[in-house]
Structure formats: C-alpha cells, structure tokens
Amino acid sequence: MTRVLIVPGLFGSAEGHWQRYWLQDHSDVRLVEQDDWDFPNLGSWMEKLEAALEEAGEAYVVAHSLGCVLTARLAGRQAARRVKGALLVAPCDIPVTETLHAGHLSFGTMPTDALPFPSMTIGSLNDIYMSLDRLGMFGRLWNSDVRNIGLAGHINIASGYGRWASGYRFLDMLKARSRHRRPLGISAAIAASI
C-alpha cells in the first residue's frame with residue numbers, strides 16, 4: 001500500500017488539526033517531522049521531506065499552508081519522482097506569510113514551476129494567507145486542479161476544521177487521477193501517438 005505523508009506548515013499542525021486526525025485515522029499515514037516548526041528554513045525542511053520520500057519509496061503528499069509551498073518546491077528535484085500525487089490544502093503566499101509572521105520564515109520566493117506529479121489544490125474564498133486570485137494563478141503555474149470550498153478560511157482549527165472527514169474525498173479523487181497518469185519519461189511524441 002502506498003504511504004501518505006502529512007506535511008504541515010508553519011508552527012506544525014497542533015492537536016485538533018485535521019492533519020493530526022488523519023494521522024490517527026489511517027495506519028499508512030506518516031508525519032514529515034521538522035526540527036523547527038516555528039522558524040522554517042527551506043533547505044532543512046526540504047531535506048526532511050526528501051528523506052521521508054526516500055524512506056517511503058513512493059507516497060502521496062497531503063500538505064497544508066507552508067507545507068504546500070515546500071511540496072511545490074519539489075518540481076525539478078529527483079525526489080519528485082517518488083510523489084504519486086499531492087493534495088495541497090490552503091497554500092500560503094510567502095509575501096503575506098512573511099508580513100503576518102515577520103522574522104519566522106527563510107523560504108525564498110513562491111515556486112512557479114509546473115509540478116511533475118498529479119496535484120489538487122484546495123482553497124477558500126476568505127483565506128488570509130492567500131487570495132483567491134493568487135490561488136488560481138499558482139494553481140495554473142503548478143498545473144494543479146484547483147478547488148474552492150467556499151468560506152473556509154485557512155482550513156485549519158481556527159476556521160473550524162477539526163477532523164475534516166470530507167477532505168478524504170479529495171484525496172480519493174487525487175489517488176484515482178494518479179492511477180491513470182502516464183509513466184515518467186514518456187516522450188511527447190510517443191504520448192501523442194497513444
């Protein structure tokens with residue numbers, strides 16, 4: 001069975017966050033643990049994510065907030081070949097997050113490369129960490145299927161999202177989509193003739 005890796009954002013996902021419930025709900029789900037949740041550094045966070053993917057062999061990634069940005073940074077890296085698909089929930093916008101949490105981030109700029117694995121980006125109408133316009137823009141850049149779930153805030157505890165069992169349906173949709181993707185390395189010419 002393919003493992004699911006939970007990738008939290010800034011400050012981690014506290015008890016009561018849907019990511020913590022998902023860890024409890026399924027035996028194949030693992031947390032990508034970081035050494036410092038409060039002062040994220042892109043380099044050290046990426047090392048942890050890549051090590052978790054290496055250990056898993058292949059995995060689905062379920063990321064929240066800054067974890068989505070980290071996951072999007074996999075584009076162009078060897079570890080991306082181990083990602084079966086990524087569910088990117090409430091990605092944060094780096095400039096906004098740097099303003100809201102000054103002095104906490106060392107994460108560079110927003111990633112803009114297309115993701116080499118299937119992905120679904122879930123956002124809302126009133127997320128203070130990323131406007132709907134920016135959500136759509138990054139969804140297009142990442143070649144991700146964007147879903148707007150309405151007035152859901154940052155899809156976290158403060159927004160009323162505890163277990164978020166309905167989120168499993170998005171993960172199931174992503175898994176179904178990834179089962180139909182072509183293997184990596186197939187050329188455009190060959191793909192066009194299939």
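**A walk through the chain**

Let's start on the outside: the accessible surface of the protein chain is about 9200 Å², and 51% of that belongs to carbon and sulfur atoms. Such areas come from the Shrake-Rupley method with a 1.4 Å probe, and for residues only the protein chains shown count as cover. Keep in mind that this is a predicted model, where local features need pLDDT of at least 70, side-chain atom pairs count only at pLDDT 80 or more, and totals for chains, interfaces and linings use all residues. Residues are numbered from 1 along each chain as its sequence is written, and side-chain values use heavy atoms, leaving out hydrogens and water.

Now for the fold. Follow the sequence and you'll meet the pattern β-α-β-α-β-α-β-α-β-α-β-α-α, built from seven helices and six strands (DSSP runs numbered from the N terminus: H or I of at least four residues for helices, E of at least two for strands). The radius of gyration, taken over C-alpha atoms, is 16 Å, close to the 16 Å that the globule rule gives for 194 residues, so the chain is as compact as a globular protein of that length. That rule is 2.2 Å times the number of residues to the power 0.38.

What about the inside? Buried residues make up 49% of the 194 residues, where buried means under 20% relative accessible area, exposed over 50% and partly exposed in between (1.4 Å probe, protein chains only).

Finally, pick out one residue, Met137, in helix H5 (residues 132-141). At 29% relative accessibility, Met137 counts as partly exposed. Its C-alpha atom is 9.4 Å from that of Thr112, a residue 25 positions away along the chain.
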